[in-house]
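Work through the following exercises with the sequence and the model side by side. Each task is followed by a solution that goes step by step.

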Amino acid sequence: MTMQWEQLEQYQPVVVKMLTKSLEKGRVSHAYLFEGQRGTGKKAASLLLAKSLFCLHPLEIKPCNECRNCRRIDSGNHPDVHVIAPDGQSIKKEQIELLQQEFTKTAMEADRKLYIIEHADQMTTSAANSLLKFLEEPRPGTVAILLTEQYHRILETIVSRCQVFSFQPLPPALLANDLIEQQIPPHMAFLAAHVTNNYEEALELSRDSWFAQARKIVLQLYEMLKKNDLQALFFLHDQWVPHFQEKQQIDLGLDLLLYIYKDMLHIQSGQPDYVVYRDKIDDLQQWALACSQRQIIQSMEIILQAKARLNTTNMSVPLLMEQLILDLKEGKAFV
Ligand SMILES: [Zn+2]
């Protein structure tokens with residue numbers, strides 16, 4: 001995938017602004033540390049930086065993505081751009097030593113060399129120490145880019161040698177689009193992208209049958225809340241309690257319920273693009289008409305209180321949920 005700075009800027013505006021500014025001023029650091037969750041564009045940014053530095057026909061600082069150098073960087077074949085990734089479980093000392101040998105030679109084609117270390121937190125201690133020496137004596141024209149999803153696991157001494165850029169979690173809509181590209185149905189993609197902003201977790205969740213069923217039960221529970229107490233309580237014990245057993249699952253169930261109310265608020269304030277339960281938009285519109293903003297906010301507070309109670313007390317779950325249902329109905333959100 002060939003990306004341009006503008007595309008990356010859509011979801012990493014701060015990082016892109018700072019990197020492009022340093023390119024414009026010709027003040028590229030000799031070592032960077034890109035930290036952030038998987039799928040936030042760290043690798044894309046490092047390749048863009050490499051291409052911006054090596055491109056034969058850049059448009060100002062933008063790489064052309066077509067010249068020999070751009071193409072060789074994209075395919076991993078540029079002799080002066082090296083990418084190191086874990087060999088099995090870790091990045092070994094030998095890999096770093098090989099890199100150092102490579103870099104003590106003069107650059108093959110230009111006066112520049114660049115290396116990218118993926119999952120830099122997976123360096124063995126001896127690999128990290130070798131790298132540290134390397135970073136302490138930067139050769140002119142050398143650029144190091146370390147990538148990590150686990151910033152806290154990088155040696156403090158390495159961090160202090162690098163300019164650190166934090167890549168922000170993806171906005172849910174962008175993450176949902178990535179999931180849809182992986183053939184995830186939109187209604188599952190949007191929900192999973194709100195539950196987590198980790199791409200892999202979201203992908204796993206959206207393929208999980210427990211999660212799909214959880215979504216169904218939560219929507220049904222909301223409908224039951226509009227009926228009489230007995231029916232809602234019966235549904236609770238018959239469907240909800242057996243499905244949501246672990247504390248984490250119950251907490252997630254409450255989040256899924258909360259999203260329904262948030263969706264109604266978004267509809268009331270004319271922001272349907274933020275709706276999580278996309279396939280339910282017609283129902284949500286009707287539900288939103290039936291209650292005031294104050295009632296919705298009150299119901300959200302009730303759910304948040306239940307979440308807090310779940311995490312801070314040993315209250316039995318059926319009891320906690322019964323209380324929640326009665327409070328939600330009492331909140332007169334359904335009059
Ligand atoms: Zn180029």
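Helices (H or I, at least four residues) and strands (E, at least two) are DSSP runs, numbered from the N terminus. This is a predicted model, in which local features need pLDDT of at least 70 and side-chain atom pairs count only at pLDDT 80 or more, while totals for chains, interfaces and linings use all residues. Residues are numbered from 1 along each chain as its sequence is written, and side-chain values use heavy atoms, with hydrogens and water left out.

**Exercise 1. Two loop residues**

Task: Locate N77 and E118, decide for each whether the residue is buried or exposed, and find the polar contact that each side chain makes.

Solution: Begin with N77, which lies in the loop between helix 4 (68-74) and strand 2 (81-84). Buried means under 20% relative accessible area and exposed over 50%, with partly exposed in between (1.4 Å probe, protein chains only). Because its relative accessibility is 52%, N77 counts as exposed. Next look for a polar contact, that is, a pair of N or O atoms within 3.5 Å, where within protein one must be able to donate a hydrogen and the other to accept it, and residues adjacent in sequence count only if both atoms are side-chain atoms. The side chain of N77 makes such a contact with the side chain of S75, at 3.2 Å.

Turn then to E118, which is placed in the loop between strand 3 (113-117) and helix 6 (125-136). Its relative accessibility is 19%, and therefore E118 counts as buried. The side chain of E118 makes a polar contact with the side chain of K43 (3.3 Å). Finally, taking contact as heavy atoms within 4.5 Å, and leaving aside neighbours within four places in sequence, E118 is in contact with K43, V83, I84, A85, P86, I91 and L147.

**Exercise 2. Strand 1 and its partners**

Task: Which residues of strand 1 are buried on one side and which on the other, and with which strands does strand 1 pair?

Solution: First count the covered positions: in strand 1 (residues 31-35), five of its five residues are buried. In a regular strand the side chains alternate between the two faces of the sheet. Sorting by face puts A31, L33 and E35 on one side and Y32 and F34 on the other, and all of them are buried. For the pairing, two strands pair if DSSP finds at least two bridges between them. Strand 1 runs parallel to strand 4 (residues 142-148), with five bridges, and among the bridge partners A31 is matched with A144 of strand 4. Strand 1 is also parallel to strand 5 (residues 163-166), joined by four bridges, and here Y32 has Q163 of strand 5 as its bridge partner.

As a last step, examine T142, which belongs to strand 4. With 13% relative accessibility, T142 counts as buried, and apart from residues up to four places away in sequence T142 touches H30, F103, K113 and Y115. Two of these residues meet in another way, since the definition says that a charge sits over a ring if NZ of Lys or CZ of Arg is within 6 Å of the ring centre and within 35 degrees of the ring normal: the charged end of K113 sits over the ring of F103, 5.0 Å from its centre.

**Exercise 3. Helix 14 and an aromatic pair**

Task: Which residues of helix 14 are buried, and how is W287 paired with Y222?

Solution: Start with the covered residues of helix 14, which are L284, W287 and A288. They lie on the same side of helix 14 because they cover an arc of only 100° around the axis, the arc being that of the directions from the helix axis to the C-beta atoms. On the other side of helix 14, D282, Q286 and L289 are exposed. The cover over the buried residues of helix 14 includes helix 11 and helix 13 (247-268).

Now apply the ring rule: rings of Phe, Tyr and Trp (its six-membered ring) pair if their centres lie within 6.5 Å, and planes under 30 degrees apart count as stacked, over 60 as edge-to-face and the rest as tilted. By this rule there are 11 aromatic pairs. In one of them, Y222 and W287 are tilted, at 4.6 Å centre to centre with 45° between the planes. This pair links distant parts of the chain, with Y222 in helix 11 (residues 209-225) and W287 in helix 14 (residues 281-289), 65 residues apart. Both Y222 and W287 are buried.
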